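Q: Hey, I'm new to this one and could use a walk-through. Can you take me through it while I look?

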Amino acid sequence: MGKTRSAARGKASAAPAGPWGGRARPNPNPFEVKVNRQKFQVLGRKTRHEVGLPGVSRARALQKRTQTLLKEYKERDKSSVFRDKRFGEYDSSISPEEKMMKRFALEQQRQHEKKNIYNLNEDEELTHYGQSLADIEKHNDIVDSDSDAEDRGVLSAELTATHFGGGGGRLPGKATQQPGGGEEPPKSRRELIEELIARSKQEKRERQAQREDALELTEKLDQDWKEIQALLARKTPKSESGGGKEKPEPDAYDMMVRELGFEMKAQPSNRMKTEEELAREEQERLRRLEAERLRRMLGREEDAHSKRPKHLSADDLNDGFVLDTDDRRLLSYKDGKMNVEEEPSGDTSGGESGEEEEEGEGWSEGAPEDSDSPDSHSDLESDAGSEDARGPDGLESDAEGEDASEGPQRGQRPSLGERLTRDDRAAARAELPYTFAVPESCEELKSLLLGKSTEDQLLVVERIQKCNHPSLAVGNKAKLEKLFSFLLEYIGDLAASDPPELGVIDKLVLPLYNLCQMFPESASDAVKFVLRDAMHEMEGTVETTGRAAFPGLDVLIYLKIAGMLFPTSDFWHPVITPALLCLSQLLTKCPVQSLQDVVKGLFVCCVFLDYVSLSQRFIPELINFLTGILHMATPNKQSQGYTLVHPFRAHGKNSELLLVSDEEDMATWQRRSLPLQWAGGLKAQTETEANHTRLSCLAVCLALVRRCVVAYGPLPSFHDITQPLRALLTEHLSTRCCPPTLQDLSRSILTEVESQPRHCRPLVCEKSKPVPLKLFTPRLVKVLEFGRKQGGTKEEQERRRLIHKHKREFKGAVREIRRDNQFLARMRLSEIMERDAERKRKVKQLFNSLATQEGEWKALKRKKFKK
Amino acid sequence: MPATERLSCPARRDDGGAGRDVRGAPGGGATSLVFPAWGGGMERDAGPGDARRALGHLVEAVLASRGEANAVFDILAVLQSEDQEEIQEAVHACSRLFGALLARGELFVGPLPSEEMVLTGSRGATIKYKVWMRHRYQSCCNRLGELLAHPSFQVKELALSTLMKFVQLEGEHPLEQPKWEGNYLFPHQLFRLVVGGLLSPEEDRSLLLSQFREYLEHDDIRYHTMQAASDTVARATDGRPEVPLAFWNNAFMLLSSVSLPRQEGTLSSFYVKHTELSDKWKVVHLKEHRKAFQQMWLRFLKHQLPLRVCKKVLVIMHDSILPHLAQPSLMIDFLTRAYDIGGAVSLLALNGLFILIHKHNLEYPDFYRKLYGLLDPSVFHVKYRARFFHLADLFLSSSHLPAYLVAAFAKRLARLALTAPPEALLMVLPFICNLLRRHPACRVLVHRPRGPELDADPYDPTEEDPAQSRALESSLWELQALQQHYHPEVSKAASAINQALSVPEVSIAPLLEITAFEIFERDLKKKGPESVPLEFIPARGLLGRREDLCAQHFTLS
């Protein structure tokens, strides 16, 4: 079937090619071929129309017109038209078989609709090869159908050969066998087929018997199983599913078992870590942080995989799980305060800061309503107790997870505990309220803190932090963020006060640090803000007068604090880099005019050097400043071998500010640290004290010089950097105008400087890759249409292409219309000619008949006459 | 009342030319001029409104009739008053009175004879009147000139504007005879009085001078100011060993506010209105203006100027003085002297010198050597840093400079950079790199493969001659040291020498004016990675840990 179809299709496709596929034909008539001569050979051009067959194409066009146009022309005056309304008559997409099927279906439908709506019983009998389908179904066995199914897929060579081999001759298999065993006489085809049939039938039967046996056996087994099934205890669901299809009703026990199985089991928790492990973890954490710091110091870009530093996560504080011994007591104490003071030192089991707040709220709500009923309090207490019991459980896992971030807290707790004795705290507690709202302005904070002792202030800040922990309420985070800037401002006020309360500041640094760990962004913004303020103030005076006075102690303390809150060794840091610039400005723009300025300047130097203590970075301003200070302490001003820069002057009012000439004072001087208060305001001193201060400043200055010398030793042009210091120190030594300890110090610095090796290795640039030569790669332009201009953008080209196409199509259409008209005219002419010819013929015929008639009549008349 | 008596006399000849003949006769007019009555012309204790009214009456009276001319004395008397408001009223009155008189031509024209001679002589009454009135005018002007030194600024200002008004009117109605037809006349004497008042040696007149500046927009005023100022300045040290600083400041203020028009053109904006301008007048030619300008400045700079004034002059030299001089090379003496002073003055003199060298073919020996000598550590800290480096960049931009010279400059700058603040470093490091880019022969300073290792830097910083400094044998180790600078941008800029330098130069123009505060702001605004890194070592108190320097050297109490 397939073969014939394909053959037919082949013929069909070949047939149309006949009349017009001129090129396909091997020998076209050379007189019918028109060759389009090409002037030039163009490489890569596809030529489509080099040979034309005008005759063939004209014939094709004519045929097409006769089929279409002529038909229309002929039917031009007809109002009615014959239409074949059979289904799918004009639809070429449907194959004839389908067409027949559909027509049949439609017919059936029509019949059903029209006649058989009320005919319920009579069903049309379906047949298959003349046999009733119902009959066939009745005879069919299930097993039989199985075997049928089995046979269906089999298509052996033999089978096909016998079925479809045609009448040709023997099977190839038999043919090969034949020469080997030649005794048997060749069987005829008929015999062969019969044999084959017999064999296959037998096979079929055998298979059927086998299957029946198997079926029987399985049925028997099923029955047996059902009998013993009841006896068996249900062991595993697996055996069940393996055994039979139906499920037994789940009973209560099963359900309970399953429920228990699905219920969450108590997982074994991690064991408590030992001291060593904790220490190791801590060490590991520090090591990681240090590595991170080093990376930032060297200014390398952050690796993609490196995460936020762990200690950044303030979640540890956020979850509120702080095993604080005091809070629980606070809670019970509060209750006690309402009643009588019964349990001032209640149990010390862990309470969280959260419940303190809740408790407080509960109490304030409950109090006005039923303050005299003791029940309410007991209720509250039990509530608190239950919460207590639940609290740690729920939060334990969290705490475990953030073990690493507990580090800072752990470090801080004991130190806090050490400072505050139990008694102090108890006393303080007796006075201070327990809940504080976060102050909304700095004034509010000041009113809270001012006039209290250092410990109280600390406690207040701590309580504010706890009562308004971010985990307790939504808005708390924003409030606490503001607290940082208020605290900073408060510290500034403390530092600016006279005398500066440095002790309080010293303690307040801790909460500041903790807040900063919690809210790095807002903390950095706050520090930036105070720095900007200080710089603006300085900028104003510098612009008008060209120099500025040293700022107050508060600015210096801000700078110091910034260095404690943020890593100072980073290559670039959003807070530290501006702070460094600020320090630099202090050293370059502020002339030293008094001893107080000297102290301030030296403090700035210390802070500056502390900033770079890890990164060992070079600070030109610092060297200049120290040179200037040393210059102030040097008596004779030949100014040999060094030049002073801006804030210092070689000669002038303050050029001998630090010079001590009193031998006695020099002898009685003892080296000690400079009090930072002096930077805030120097009290009037006696001459001896002033001299001692001078010497102390000088000592600090020399110590700083020494530090610089040690730090900058490895720098390439170290000797050029320290050259002014060296010159000053030698001069200083030669004049012998300072105590022996200082002289020793200077001498040791000098030897230190000299001991640094002078390495002057010529500089060499790093090798860079050679730059590749410029290559002239061709510019590729997509060719859309030959023979057209190629320039322009893609859209322009597309547009031009479309215009061109439209033009061609238009021309083609016009041509077609013209040809159609010509064709029609031709047809009309031939019609007219035909009609005329007919008429002529008829006229001739008439004349003919008339002539014969006339002739006959004349003949008759002649006859008469003759008669 | 004598006033009423005086009013009756000249009542009959108050108007017009008809009365002129009558006045010519030695009649009552002469007699009416005699008495200088200082009597109660007006009530002193009355309020300012009354004073104004009274003065107004007097002015009206004088203007109305010549017989009332004696009232002028009353007005002039008020001018001598101590009270500021009265003085102002009087000045207004004088301004009105003499303004009207000048416009009417009732003042004597020609060289002024002395008062007694005329009054006792046998001249006509009108002449006598005019001479007398001219004398009053003279004394009024003198008084106004004195008022320029009045402590109150309003009075000063008013006096100045009144004097200028007189100058204008006098210019229109000259008080001297034209020698020939179309002679240009200008009240030189009066104007000298004004300029002399402005250039006071006693006090700083900068406010008044800035008022005066608006008159200087007029071409004639400018021209005559230049003339008058050059005279005044030239006579400044006559008979005085020490000229106070205030005079120099005033003089500089006045001189610097004179600015000539840039391009040639007809000078036609005159303060004194003339019906027609003659081409023969000196005042209309820009060339003459230039001559006067040059003479003024040369006379000013001839003196031993205080250093501060000298600096100020040098600051405006290239922009507002040199282009307007008729012969700029005359400035060479001053500039060389300034250049030899050293320090900031030398830096400033560079600019003028450069223009002379560049535009006027000045041959200046050892220019680069001196420039090299100017480089000392203070160069990064002075106010004129930007200007200096702009010029230095200009001077060293020539590609024909010898390599040793450029190398010496680069090395010197690098050495100085070791003491520079970050804002200067951000500018000078690209500057050095630019030098190396321009002169490939100097690249050995940063790239000397297979060079011998040295014990010490061969560069000699104390050598004054760049040729002898052996800079080419050295390397820029200073930049290597600055790669360790604390500021990240400086460190990056210094690290540029690690790689082979890129070909295009870095423009240092935007870096010249940068200040530390701008860098600070920029750093503050810069957005870093999303999170702010934090210190992981917990704080231990204000002074930090024990090993910190602060804790070592400072205590809290």
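A: Sure, let's go through how far to trust the model, then how the chains meet. Keep in mind that this is a predicted model.

Q: OK, what are the ipTM and pTM scores?
A: The ipTM is 0.71 and the pTM is 0.58.

Q: And what's the average pLDDT of chain A?
A: Chain A averages 73, with 69% of its residues scoring at least 70. Residues 1–24 of chain A stay under 50, and the model gives that stretch nine contacts beyond four places in sequence. Residues 238–244 of chain A are also below 50, with three contacts beyond near neighbours in sequence.

Q: What about chain B, what's its mean pLDDT?
A: Chain B has a mean of 77, and 87% of its residues reach 70 or more. Residues 1–46 of chain B are the stretch to watch there: pLDDT stays under 50, and the model has 46 contacts for them beyond four places in sequence.

Q: Now the interface. How many residues of each chain are in contact?
A: On chain A it's 95 residues, and they touch 77 residues of chain B. Together the two chains bury about 7600 Å², with 66% of that on carbon and sulfur atoms. Trp572(A), Cys760(A) and Leu763(A) supply 10% of the area chain A buries against chain B, more than any other three residues.

Q: How many salt bridges are there between chain A and chain B?
A: Three. One joins the side chains of Asp720(A) and Arg415(B), at 3.1 Å from N to O. In general, side chains of opposite charge can pair when their charged atoms come close.

Q: And how many residue pairs are in polar contact across the two chains?
A: There are 19, counting pairs where both residues have pLDDT 80 or more. On the chain A side, the largest share of the residues touching chain B comes from helix H23 (residues 520–545), which gives eleven. That whole side of chain A splits into 53 nonpolar, 21 polar and 21 charged residues.

Q: Which strands of chain A and chain B pair up, and is it parallel or antiparallel?
A: Strand S5 (residues 674–675) of chain A pairs with strand S1 (residues 554–555) of chain B, in the parallel sense and over two bridges. Within that pairing, Leu674(A) has Phe554(B) as its bridge partner.

Q: Switching topic: how many salt bridges over all chains?
A: The count comes to 37. Arg293(A) and Glu290(A) make one inside chain A, with their closest N and O atoms 2.7 Å apart.

Q: Why are Arg293(A) and Glu290(A) about one helical turn apart?
A: Because they sit three residues apart in helix H12 (residues 275–297) of chain A.

Notes:
Residues are numbered from 1 along each chain as its sequence is written. Chains are lettered from A and ligands numbered from 1 in the order in which they are written. Side-chain values use heavy atoms; hydrogens and water are left out. Contact means heavy atoms within 4.5 Å. Buried area is the accessible area (1.4 Å probe) that two parts lose on being put together, summed over both. A salt bridge is a side-chain nitrogen of Lys or Arg within 4 Å of a carboxyl oxygen of Asp or Glu. A polar contact is a pair of N or O atoms within 3.5 Å; within protein, one must be able to donate a hydrogen and the other to accept it, and residues adjacent in sequence count only if both atoms are side-chain atoms. Helices (H or I, at least four residues) and strands (E, at least two) are DSSP runs, numbered from the N terminus. Ala, Val, Leu, Ile, Met, Phe, Trp, Tyr, Cys and Pro count as nonpolar, Asp, Glu, Lys and Arg as charged, and the others, Gly among them, as polar. Two strands pair if DSSP finds at least two bridges between them. pLDDT is the predictor's confidence in each residue, from 0 to 100.
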